[in-house]
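Here is a walk through a protein model, taken one part at a time. Keep the 3D view open and follow along.

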Amino acid sequence: MTISSAQISHQVGTTRPGNPALVSSESALQELMDASAGNYKYSVEDYFAHPQSADFQLSPNGSYISFRERDEHGKSNVMVREVSTGKTTCALKETENIIIGYGWASDSRLLYMMDDGGNENYHLYAVNTDGSGNIDLTPYEGVRATILKRLPEHREFIIVSMNRDNPQNFEPYKINVNTGAMVRLYENSDLTNPVNLYDFDKDGNLRAFSRMNNRKEMQYFYKSKDAKEYSLIKTIPWYNKFTILSFNYASANPDEAYVLTNLEADKARIVLYDLKAGKIIREIYSNKDYDVSNLSLSRKRNWEIDYIDYEGEKHIIKPVSKHFSSIYKQLKKQFKGYQFQIAAQTENEEQYLVKVSSDRLYGRFYHYDRKTGKTALLCDLMPQLREADMAVMRPITFKSLDGLTIHGYITLPANASKRKKVPLIVDPHGGPHGIRDTWGFNPEAQLFASRGYATLHINFRISDGYGLDFFRAGFKQTGRKIMDDLEDGVHYVIDQGWADRENIGIYGGSHGGYATLMGLIKTPYLYKAGVDYVGISNIFTFFDALPPYWKPLKNMLKDIWYDLDDPEEAKIAKEVSPIYHTYKINAALFVVQGANDPRVNILESDRIVAAVRKKGVEVPYMVKYDEGHGFQKEANQLAFYKAMLGFFSLHFNKPAPIILDDWDVY
């Protein structure tokens, strides 16, 4: 299906989601934004306007470098530069909908993804480097498409996952990126025990898959090359890891694979595994403190391992091959004190794009030539932010009340000292599972630091990367011990003499928005103000409104949150659902929502705003009708951050609210 720019523009419907009458007026929100004004060296735009150039990538043969370039309207278009001539062409103009991501399909064709106003029903498109031949490869209304497998050995094809035939179940399709012709590769028709993960080899053959069993276990099926049917090789609890990272193409044994697993160990490790024999051949890499996450293989050098990487206190790269060890040594020497990662490389593995960053540097892209060992700066992504002016992000560790070791990060403004304690903003991450906060440049924390505020990020129990025991310690603790971890972190920071205990705010998105509401309820004496960004206010209605493709995972969510079919757990869920305790919210509250959010329905925000206002507390409410689960568009992001800064500036250094009631301990 050939498309035009007009066809991919978002069409705003006549009926707006939620209750528009609750949304604050433009003038009221403008007053909040105006309150953020001041004589500051850096503006909100300096931190959150899209970079002039970003997202650099190499074509497979290295003839072209692609990148996103911001135009005068704040749109990030996809540009292609011919390396030999320097000639630059606009391959794709961003219109009303955001280009979520893009990449190279072949040396002459690009892939990109968009949804409609943040609804997360992603479509995959392909376009030529000169902007011609723009087609929607997944032209189905209400369908969500994601890339399952790129096929460098067969670049005219890609394997895509879509819920085309049933909104709950995803099936794999092999699609021709030039014509859009597609073939379904496996029928996933079992609604009770659906397949949730497919493993294809480099030639596009489906070698293995995993599926839910009784909605609680994961079953792994594998078909060896001489077999006609898939055989069940493993059944494990859903929370254990057994993920095929890659088949071992260097081996004469076709059943070997590199597997990421936490079976027989607390921390996830990479092992070489015989899928047919069902046994570990040897361990490739493990770390006693952190989950390992990935490995990189060389297609050119007979699939040898180049490096292992994972998140520790900072991002860790462990070189393995002699080839990559040489590259790593050179880059480490040149970029001492900085993090760097391989952003792209050519098929012949001679040309690399390297992204360099730190907690004080947003990022720079360099072109690295392996033969000469030389690097050339391509772009400083945010040259307006002087590195010396940025705040330091410090890793911290403390003990929870029940003895768990909790990791996190504190970003302190330059004026913070034991003699000058500063306001603190606690920023709990989303999820709460499958994610963690990491060390590096955080625009939000840097913006807050520029206004004299410290920012606290805490990887509370259930956060990703710290092992199975730590993960499971957070099961059914949403709103309870997870909140205790946040509170313990705040008291740790206060005890260090960094934070002004009279001026503490809390802000977060998704689960972080939920944690904001629960913080204002559970520890009303602790927080002066809170910003709830696309947050859950009622666990019951959150479960009721799950998108169809999350329904097969509902029992997993029951382990993480609560089993609402169990009377005792339903009672706890009510005790930790903010909507039932709004009478305890006395601190200032600002609520922000994307109207098209498929994960946290707009009614979650509507209801909390209406309930808190009913008790006489003023609640500014910002809704963007062209956004979903978090704002993507530049203008909306700028408005949000200006309003949030204004909100905190109005409420810090004001008298503390009167506490009406203490939190019931259970």
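Start with strand β33 (residues 529-533), which pairs with β34 in the parallel sense over five bridges. Keep in mind that this is a predicted model. Along that pairing, Tyr533 stands opposite Val592 in β34. Now look at the other partner: β34 also pairs with strand β35 (residues 621-624), again in the parallel sense, this time over four bridges. Here Gly594 has Lys624 in β35 as its bridge partner.

So how enclosed is β34 itself? Seven of the seven residues of this strand (residues 588-594) are buried, so the rest of the structure largely encloses it. Its residues point two ways: Ala588, Phe590, Val592 and Gly594 go to one side, while Leu589, Val591 and Gln593 go to the other, and all are buried.

Two of the residues you have just met turn up again in an aromatic cluster, whose members include Tyr533 and Phe590. Phe448 and Tyr507 belong to that cluster too, along with Phe48, Tyr453, Phe631, Phe640, Tyr641, Phe647, Phe648 and Phe652. Zoom in on Phe448 and Tyr507, both of which are buried. A search of the whole structure finds 48 aromatic pairs. In the case of Phe448 and Tyr507, the ring centres are 6.3 Å apart and the planes sit at 85°, so this pair is edge-to-face. Phe448 lies in helix α4 (residues 443-450) and Tyr507 in strand β32 (residues 499-509), so the pair ties together parts that are 59 residues apart in sequence.

For another edge-to-face pair, go to Tyr42 and Tyr47, with 6.1 Å from centre to centre and 70° between the planes. These two tyrosines are both buried as well.

Rings can also have a lysine over them. Lys202 lies over the face of Tyr249, at 5.4 Å from the ring centre. You can find a similar arrangement at Tyr580, where Lys574 lies over the ring face at 5.1 Å from the centre.

Next, visit an open sheet of four strands, arranged in the order β17-β18-β19-β20 with antiparallel pairing. The edge strands are β17 (242-247) and β20 (279-285), each pairing on one side only. On average, neighbouring strands here are turned by 35° against each other, direction ignored. Between β17 and strand β18 (residues 256-261) there are five bridges, and Phe247 has Ala257 in β18 as its bridge partner.

What about the cysteines? A disulfide is a covalent bond between the sulfur atoms of two cysteines. A search of the whole structure finds zero of them. Take Cys90: the closest cysteine sulfur is in Cys379, 17 Å away, which is too far for a bond. The two also sit in different surroundings: Cys90 is partly exposed, with a relative accessible area of 28%, while Cys379 counts as buried at 12% relative accessibility.

Finally, zoom out to the whole protein. It has twelve helices and 35 strands, and 57% of its 666 residues count as buried. Its C-alpha trace spans about 70 × 60 × 55 Å along the principal axes. How does that fit with a compact globule? For 666 residues, such a globule would have a radius of gyration near 26 Å, and the 25 Å of this protein agrees with that.

Key. Residues are numbered from 1 along each chain as its sequence is written. This is a predicted model: local features need pLDDT of at least 70, side-chain atom pairs count only at pLDDT 80 or more; totals for chains, interfaces and linings use all residues. Side-chain values use heavy atoms; hydrogens and water are left out. Two strands pair if DSSP finds at least two bridges between them. Helices (H or I, at least four residues) and strands (E, at least two) are DSSP runs, numbered from the N terminus. Axes are lines fitted to C-alpha atoms, for helices over the stretch in contact, and angles run from 0 to 180 degrees between N-to-C directions. Rings of Phe, Tyr and Trp (its six-membered ring) pair if their centres lie within 6.5 Å; planes under 30 degrees apart count as stacked, over 60 as edge-to-face and the rest as tilted. Buried means under 20% relative accessible area, exposed over 50%, partly exposed in between (1.4 Å probe, protein chains only). A charge sits over a ring if NZ of Lys or CZ of Arg is within 6 Å of the ring centre and within 35 degrees of the ring normal. A disulfide is a pair of cysteine sulfur atoms within 2.5 Å. The radius of gyration is taken over C-alpha atoms; the globule rule is 2.2 Å times the number of residues to the power 0.38.
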